[in-house]
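Thank you all for making time this morning. I would like to walk you through one protein slowly, beginning with a single residue and working outwards, so please have the picture open in front of you.

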Amino acid sequence: MGNVSARLAAAADRQRDLDGALSDARSPLFAPGHNVWRVARATRTSVLIDAAAYFEAVRAAMLEAEHCIYIVGWDVDSRMLLVGASGTATDGFPLALGDFLDALAARKPHLKIRILLWDYSVFFADEREPLPSLALRWKRLPQIDLCLDGTVPLGAGHHQKIVVIDDGVAFSGGLDLTIRRWDDCDHRTDNALRVDPAGKCYPPFHDVQMVVDGPAAEALADLVRIRWERAACEAPVPLPQVGKAWPAFLKPDFEDITLAIARTEPEFDERPEIREIEALFVDMIKRAERTVYIESQYLTLTPIAQALAAQLRARPKLEVVIMCPFSYHGVMERQAMLPGRTDFIRILEDSEAPTRWLVVAPCVADVDISLHSKVMIIDDTYLRIGSANLCNRSMATDSECDLVVEADTQEAAASIRQIRHRLLAEHCGCSVATFEAALRRQHSLIHAVHTISARTHATRFVTADAEAASMPILKSIADPEQPIALQRYVSPFAGWLTGKPAAWAFLAVMLIGFCALSAAWGFSPLSETSEISAWERSLSAVSGPWAGFAVVGIFVLAGLIAFPVVLLIIGTVAVFGLWPGLGFAAAGAMASAMTTYAIGWWIGNRALRRLCGPRLNRIADAFLERGIMAVTVIRLVPAAPYTLVNLAAGALRIHPVDYAIGTALGLAPGFAVMALMGRQIMGVIADPTPLGIVALTGILLLSIAVSYALQRAISALRKRST
């Protein structure tokens with residue numbers, strides 16, 4: 001008995017020594033402030049492969065919520081079915097997300113549900129649910145709050161996908177709670193459950209999410225609260241106690257493990273750029289000894305390809321297996337992203353290790369799987385799941401969030417290895433046992449993939465496309481290396497507007513210039529010699545003396561439905577000519593502003609908050625100092641659409657005289673630019689040509705620059721006065 005005990009004790013000592021050595025060798029990777037934001041312990045962690053597993057788990061966790069649910073997404077759709085692999089649920093709650101949240105709020109009156117949705121680009125409008133405010137706030141109980149988050153620079157987006165429940169359980173990864181995401185691990189082509197709200201089938205879809213609890217979940221809750229405060233201008237209070245919402249049926253893959261959170265955030269509104277995700281990718285690759293396994297929707301990031309190639313040269317036993325989609329659905333997406341992938345693969349081809357890397361795409365019965373996941377596994381040591389693709393956009397343009405676990409015990413290392421084999425087996429169309437048997441025989445991930453794929457035909461090998469031709473304009477839109485930071489280009493011009501005399505002089509010149517240019521077009525010989533003056537006069541004559549009143553009425557009615565005022569102004573000038581079109585448009589814009597201001601005064605702040613959501617707080621902050629300057633600034637660089645600003649000014653009881661004068665001053669630069677450049681604008685409207693369109697774009701940029709300079713001038717005056 002004593003010998004047995006001694007052997008067990010010796011074995012335990014060896015295990016502890018091995019675990020300690022493992023931990024000591026890896027501990028320096030996570031460096032807060034460089035490649036991660038925070039490092040925390042996760043009490044439990046599970047990897048949820050494909051949306052059926054994620055949707056079932058997040059539904060179960062939400063049912064246990066008592067205090068607060070945060071849903072953060074690139075897209076959130078109230079129509080998506082929040083169901084597991086069965087396609088239904090037995091908990092008695094509705095299946096559709098919006099109805100489910102509404103029923104949950106009705107059952108739990110003290111529960112708050114906050115939805116933070118990217119205020120998305122018009123390029124994605126056809127993919128989204130129409131009127132998200134109607135679907136996710138107006139039709140729902142007051143406990144459900146939706147904030148459209150536009151706190152990113154031009155050309156950037158919010159790409160994080162996070163759900164936090166009671167600060168105690170958090171989900172993060174590549175999956176949004178939206179349509180056309182649901183699928184299970186079989187990815188059958190004939191799965192009748194894989195349909196969108198219109199009843200249309202969509203291709204097989206693959207993605208991965210991670211769920212954590214304990215201090216790691218609290219850290220993600222802090223991240224979400226920071227974003228909510230920025231977007232909604234209100235600071236949610238951390239919960240006094242951690243919830244217990246871990247799904248009862250979910251077995252953790254890891255217990256008590258180190259987890260790091262890495263972010264990407266673009267430079268915006270005096271916030272510095274954060275590139276933790278890019279730094280962590282490179283640092284992780286430098287740790288690789290035997291295997292690198294990657295899943296990514298896009299492969300365009302040259303520094304990562306170079307890091308992989310360098311590591312392949314430095315480590316003769318290293319193998320790299322990358323899973324990505326075979327192609328992309330949209331024409332623009334293909335033309336913008338495939339050339340970058342070709343460049344990525346050609347860098348690997350130059351690694352002098354032709355047999356030790358592989359890029360493959362999963363498919364089922366010759367139907368390509370839409371691979372949307374973002375996964376990196378380094379040896380049996382690091383497991384990374386997040387929202388960031390291996391593309392330029394994810395490194396500096398969009399907001400992203402990645403989670404990384406570090407194996408500090410042999411049990412954790414075995415779990416990472418098992419997760420890698422689960423993913424590879426799924427993509428190779430076989431069981432985990434079959435894949436591991438092939439791996440034991442071949443002693444190589446790449447050879448195992450080749451052997452099984454030859455039998456199952458479940459993957460397609462991806463190579464460099466010799467025909468791929470780069471289109472810089474598409475790349476700059478789809479995969480920019482930096483967002484469009486207008487202030488960088490305008491700041492040198494506006495920098496001199498820091499002194500009080502210069503600021504007042506600039507404002508006076510702009511106002512006088514606007515009046516002078518308008519008078520020049522209306523009363524001087526310039527209007528008579530213009531080639532379009534006859535057209536202007538004829539249209540004005542045909543319209544009759546009541547034309548101005550009709551235009552004002554149209555502006556007022558359009559303001560009631562929040563129709564963009566800029567389009568109305570351009571349309572008015574197009575119909576009536578530069579003069580009297582500018583006068584009609586100015587009168588209409590002011591009448592619309594005062595009418596909706598009066599409506600806001602009447603309905604009050606509380607009702608408007610319910611109607612407009614947290615965005616109202618941002619306008620309220622802008623109006624905080626009140627007075628003419630506050631109104632002028634929010635007009636020059638608006639925090640919200642024209643109509644919403646008008647309603648908010650009334651609800652917040654801004655003095656009507658201050659409001660009217662500030663609105664006129666704020667609209668003046670746009671009218672001044674239109675008066676100055678009226679001939680070019682009318683020429684493009686009458687006869688659009690490529691050169692004319694470029695010129696018109698330049699005019700619009702000039703208008704934005706003038707508005708920004710004015711805002712800087714007024715801000716300087718306000719700071720000096722306080």
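Let me begin with N35, which, leaving aside residues up to four places away in sequence, touches L29, F30, A262, E276, A279, L280 and D283. Before I go further, please keep in mind that what you see is a predicted model. If you trace the chain, you will find N35 in the loop between α1, residues 2-26, and β1, residues 38-49.

Is N35 buried or exposed? With a relative accessible area of 0%, N35 is buried, since anything under 20% is counted in that way. Two polar contacts involve the side chain of this residue, and I will take them in turn. A polar atom of the N35 side chain lies 2.8 Å from the backbone oxygen of L29, and a polar contact of 3.0 Å joins the side chain of N35 to that of D283.

Now let me step back to the protein as a whole. The chain has 722 residues, and buried residues make up 54% of them. Its secondary structure comes to 26 helices and 19 strands. If we take the contacts between residues with a separation of 6 or more, 79% of them are accounted for by residues 24 or more positions apart.

One example of two residues that are apart in sequence is G84, which lies in the loop between β2 and α3. G84 and E56 are 28 residues apart in sequence, and yet their C-alpha atoms are 4.3 Å apart in space. Not counting residues up to four places away, G84 touches A52, E56 and W182, and at 6% relative accessibility G84 counts as buried.

That loop brings us to α3, residues 97-107, in which L97, G98, F100, L101, D102, L104 and A105 are buried. What do these buried residues of α3 pack against? They pack against α2, residues 51-63, and against three strands, namely β2, residues 68-73, β3, residues 112-118, and β4, residues 144-149.

It is worth following how these pieces are arranged. Strands β2 and β3 pair in the parallel sense over six bridges, and within this region G73 has L117 of β3 as its bridge partner. Together, β2, α3 and β3 make a right-handed β-α-β unit. On to the next pairing, β3 and β4 also run parallel and are joined by six bridges, with I115 standing opposite L146 in β4. Six of the seven residues of β3 are buried, so this strand is largely enclosed by the rest of the structure.

Let me turn next to the nonpolar cores. The largest one has 61 residues, and M210, V212, L259, I261, L383 and F435 are the ones that touch the most other members. Which helix gives this core its largest share? That is α5, residues 215-232, which supplies 10 residues. Apart from this core lies another, of 45 residues, among them L63, L82, F93 and A245.

To see what surrounds one of those core residues, look at V212, whose contacts beyond four places in sequence include A42, R44, T45, G168, W246, L259 and L403. L403 is also a contact of S172, a residue placed in strand β6, residues 169-173. S172 is buried, with a relative accessible area of 0%, and among its other contacts, again leaving aside neighbours within four places, are K161, I162, Q209, M210 and L220.

Finally, a word about the cysteines. How many disulfides does the structure hold? The number is zero. C147, for instance, is in no disulfide, and the nearest cysteine sulfur, that of C233, is 8.4 Å away. C147 counts as buried, at 1% relative accessibility. C428 is likewise in no disulfide, although the sulfur of C430, the nearest from another cysteine, is 5.5 Å away, and a pair would have to lie within 2.5 Å to be counted as a disulfide. C428 is buried too, with a relative accessible area of 0%.

I will stop there, and I am happy to go back to any part of the picture.

Methods
Residues are numbered from 1 along each chain as its sequence is written. This is a predicted model: local features need pLDDT of at least 70, side-chain atom pairs count only at pLDDT 80 or more; totals for chains, interfaces and linings use all residues. Side-chain values use heavy atoms; hydrogens and water are left out. Buried means under 20% relative accessible area, exposed over 50%, partly exposed in between (1.4 Å probe, protein chains only). Helices (H or I, at least four residues) and strands (E, at least two) are DSSP runs, numbered from the N terminus. Contact means heavy atoms within 4.5 Å. Two strands pair if DSSP finds at least two bridges between them. A crossover is right-handed if, with the strands pointing away from the viewer, the path from the first strand over the helix to the second runs clockwise. A polar contact is a pair of N or O atoms within 3.5 Å; within protein, one must be able to donate a hydrogen and the other to accept it, and residues adjacent in sequence count only if both atoms are side-chain atoms. A nonpolar core is a set of buried Ala, Val, Leu, Ile, Met, Phe, Trp, Tyr and Cys residues joined through side-chain atoms within 4.5 Å.
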